[in-house]
Amino acid sequence: MNQETPSYHFPEGIPAFEEHKQFRLTRDPNLDPLLFLSSESEPALRFVCIQVRFLVSGYGYDLDEAGASLLGVPPGNYTAVDENLGCMAIISVGAEGPSTANLLAPVIINFGNGLGLQAVQAGSSWSHVHPIELPEAQRCS
Amino acid sequence: MLVIRRRPGEAVVFSGGIEIVLLESNAHGIKLGITAPAEVTVLRKEIHLAQQANRLAAGTAYDGRVLELLATLRPTSRETPSEI
């Protein structure tokens with residue numbers, strides 16, 4: 001992933017921020033493995049993210065017809081290590097408790113066409129408040 | 001939790017003009033029909049949770065707290081990350 005990538009278009013925004021359609025994903029090597037997803041229209045609106053593959057192993061997610069269409073890919077099951085689709089979790093940084101990652105709704109970016117989607121999963125066993133403990137933490141290379 | 005058994009075509013009603021009817025039930029799940037005033041927001045629970053999580057995440061993405069998170073991710077690192 002480049003240090004600073006082009007803008008990505010989220011046709012439906014993301015839940016609770018549907019009016020924000022354009023996001024920039026930035027990386028600071030000093031802050032690996034964190035990534036920052038910021039709204040282009042309101043840069044103060046930003047989210048701390050991490051690639052799911054750095055957080056858990058064996059993660060998979062579904063893209064239904066609607067979600068897949070928004071990303072321009074076939075519907076089906078995908079994994080967090082797919083090369084063409086970035087799979088990130090938004091982190092809530094804990095003040096007193098542990099920080100948590102939203103694995104119920106991964107942010108998926110199609111690097112091929114610049115489209116993005118927060119793919120909220122129905123019936124997933126993954127939590128929207130997955131505690132961040134990284135016994136298997138890997139650093140971005 | 002209140003548990004009510006319903007068959008397809010039967011409904012439950014809530015105060016405020018809200019009615020939920022069981023339209024269909026099969027091996028793949030159930031289909032609900034919901035009638036509610038326009039000002040009532042009806043969401044799938046996973047969408048509601050995603051909204052809550054996003055609002056919380058947006059409010060916690062400040063530099064100081066991010067650096068604290070980074071310290072959690074790098075418990076053995078001695079380097080001090082630069083400002084974002």
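This report describes a predicted model of two chains, A and B, taking in turn the contact between them, a helix of chain B, the nonpolar core and a sheet of chain B.

## The contact between chains A and B

Chain A contributes 31 residues to the contact and chain B contributes 23. On the side of chain B that touches chain A, the elements giving two or more residues are helices H1 and H2 of chain B, and the largest share, 11 residues, comes from H1(B). Sorted by class, this side of chain B consists of 14 nonpolar, five polar and four charged residues.

## Helix H2 of chain B

Helix H2 of chain B spans residues 63-73, and its buried residues are B:Val66, B:Leu69, B:Leu70 and B:Leu73. Viewed down the axis of H2(B), these buried residues fall within an arc of 105°, and they therefore line one face of the helix. The face of H2(B) that is turned away from the buried side carries B:Gly64 and B:Ala71, both of them exposed.

The buried residues of H2(B) pack against three strands of chain A, namely E3 (34-39), E4 (46-51) and E7 (85-92).

## The largest nonpolar core

The largest nonpolar core comprises 49 residues, and those with the most contacts inside it are A:Val48, A:Cys49, A:Ile50, A:Ala89 and A:Ile91. Two or more residues of this core come from each of strands E2 (22-27), E3, E4, E5 (60-63), E7 and E9 (107-110) of chain A, and likewise from helices H1 (45-58) and H2 of chain B. Strand E7(A) gives the most to this core, with six residues.

The surroundings of A:Val48 draw on both chains: leaving aside neighbours within four places in sequence, A:Val48 is in contact with A:Leu34, A:Phe36, A:Ile91 and A:Val93, and also with B:Ala57, B:Ala61, B:Val66 and B:Leu69. Two of these partners, B:Val66 and B:Leu69, are among the buried residues of helix H2 of chain B.

## The sheet of chain B

Chain B also contains an open sheet of three strands in the order E1-E2-E3, with antiparallel pairing. Its edge strands are E1 (11-14) and E3 (29-35) of chain B, each of which pairs on one side only, and the twist averages 25° from one strand to the next.

Strand E2 of chain B, residues 18-26, runs antiparallel to E3(B) and is joined to it by seven bridges. Within this part of the sheet, B:Asn26 has B:Gly29 of E3(B) as its bridge partner.

Notes. Residues numbered from 1 in each chain as written. Chains lettered and ligands numbered in written order. Predicted model: local features only at pLDDT ≥ 70, side-chain atom pairs only at ≥ 80, totals over all residues. Buried ≥ 20, exposed ≤ 12 C-beta atoms within 10 Å, placed from the backbone. Helix = DSSP H or I, 4+ residues; strand = E, 2+ residues; numbered from the N terminus. Arc of directions from axis to C-beta. Contact = placed C-beta atoms within 7 Å. Pairing = 2+ DSSP bridges. Axes fitted to C-alpha atoms, helices over the stretch in contact; angles between N-to-C directions. Core = buried A, V, L, I, M, F, W, Y, C linked by C-beta atoms within 7 Å. Nonpolar A, V, L, I, M, F, W, Y, C, P; charged D, E, K, R; others polar.
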